[in-house]
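Subject: That structure, plus some notes

Hi,

Here is the structure I promised to pass on. Have a look first, and my notes follow underneath.

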Amino acid sequence: MFGLERMRALHALATQGSVAAAAASLHVTPSGVSQQLAKLEREAGQPLLEPRGRGVRLTKAGQVLAGHAERILAQVAEAKADLELLREDVIGPLRVGAIPTTVHALLPPALATLAAQHPRLAVTLHEGEAEQTIPRVVSGDLDVAVVESWADRPTEIPPAATGTALFADVADLALPAGHRLAHRKTVDLSEVDDLPWIGWTAGSGCHEWLVQVLRRQGLAPRISCTVGGYPTQLALVAGNVGAALVPRLARDRLPGGVRILTTRPALTRTIFAICRAGEEDSGAVRACLDALRAASARFEGPGRAAG
């Protein structure tokens, strides 16, 4: 029945003693307070103020309503405090999506940290590319998504989300050990014009990135194998099937028969954690971001050695 801002104006008048002082305490103009009080009188259906000298004072009805206003505002403040405590409490479900390379290397230590520090947090992990997970963050189906953004093909973060940069990574060239360029340390990608390429499934962001990189180097995007998972791609390179571009984060053990070379130009990406805008300070999401930052420390800098 009574608007909260109008009750706040009445309470300020009751405690401050004048319209001007009430306005100052609320950081509004005196005319703004007067307008709120006039609306409150109409809602109450009886006078709440009466003249007193050059100012006003509360009528009996005004005093009664001011008492209710004090209790209502106290309850609102208590409700806000309870909600803030809920935001701070790291408890309940936390739904995380992540690209495959981070599921393999980054998420295990991050999830172990969350389990040790916040045992009341129930975490579920979903593997997926940025084009799949970011829309799910925006829609509320996921709380956090770990994605990649290549320097030459940036991932767009929508206005409804916010991104936290975790670390930088580099993709190197994987060649069969017997290839004519395999003895080199660094090559121009345009020199690799005699091999088919091994990439991710057509339609994925990683596949489109590979096509874009090859075309920029004047190479035909002759992709003979589309498979998920860099270990499988490296196994195919070892089998002399083709060449691949493999991020350093994705390489734990290099199979025999593969040589890794750095590229000109360097192929760099940034790993981001994405959440809904405004949620980065809520309890569970903040804990997740903190755990991801801690786990990312070992990957900070220019990336793992090319090997």
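A question to start with: how far apart are the end C-alpha atoms of helix α10 (residues 283-296), and what span should its 14 residues have at 1.5 Å a residue? Bear in mind that this is a predicted model. The expected span is 20 Å, and the end C-alpha atoms are 20 Å apart, which agrees.

Is α10 largely enclosed or not? Of its 14 residues, 10 are buried, so the rest of the structure largely encloses this helix. The buried set is G283, A284, V285, A287, C288, L289, A291, L292, A295 and S296.

Now for the empty space. Searching the whole structure for cavities of 30 Å³ or more turns up two.

The largest cavity holds about 60 Å³ of space. Its lining is made up of I198, G199, W200, C206, W209, L210, Y230, Q233 and L245. At least two lining residues come from each of β8 (197-199), α8 and α9 (230-238), and α8 has the largest share with three. By class, the lining has seven nonpolar residues, two polar and no charged.

The second largest cavity has about 40 Å³. Around that space sit I99, P100, T101, E129, E148, W200, C206, Y230 and R269. Here the split is five nonpolar, one polar and three charged. W200, C206 and Y230 turn up in the lining of the largest cavity and again in that of the second largest cavity.

I also looked at the second largest pocket, which has about 200 Å³ of space. Lining it are E129, A130, E131, I134, E148, W150, R153, P154, T155, E156, G205 and C206. The elements giving two or more residues to that lining are α7 (130-139), β5 (144-150) and α8 (205-216), with α7 providing the largest share, three residues. The pocket lining divides into five nonpolar, two polar and five charged residues. E129, E148 and C206 belong to this pocket lining and also to the lining of the second largest cavity.

Last, a single residue: A12, which lies in helix α1 (residues 4-16). A12 is buried, with a relative accessible area of 5%. Leaving out residues up to four places away in sequence, A12 touches G17, A22, S25 and L26. As for K80, 68 residues away along the chain, its C-alpha atom is 19 Å from that of A12.

Shout if anything looks odd to you.

Cheers

Notes: Residues numbered from 1 in each chain as written. Predicted model: local features only at pLDDT ≥ 70, side-chain atom pairs only at ≥ 80, totals over all residues. Heavy atoms only, no water. Helix = DSSP H or I, 4+ residues; strand = E, 2+ residues; numbered from the N terminus. Expected span 1.5 Å × (residues − 1). Buried < 20%, exposed > 50% of the residue type's maximum accessible area, 1.4 Å probe, protein only. 1 Å grid on protein atoms, 1.4 Å probe; cavity = no way out; pocket = protein on both sides within 12 Å on 5 of 7 lines; lining within 4 Å. Points joined across faces, edges and corners; volume = space filled by probe spheres on them. Nonpolar A, V, L, I, M, F, W, Y, C, P; charged D, E, K, R; others polar. Contact = heavy atoms within 4.5 Å.
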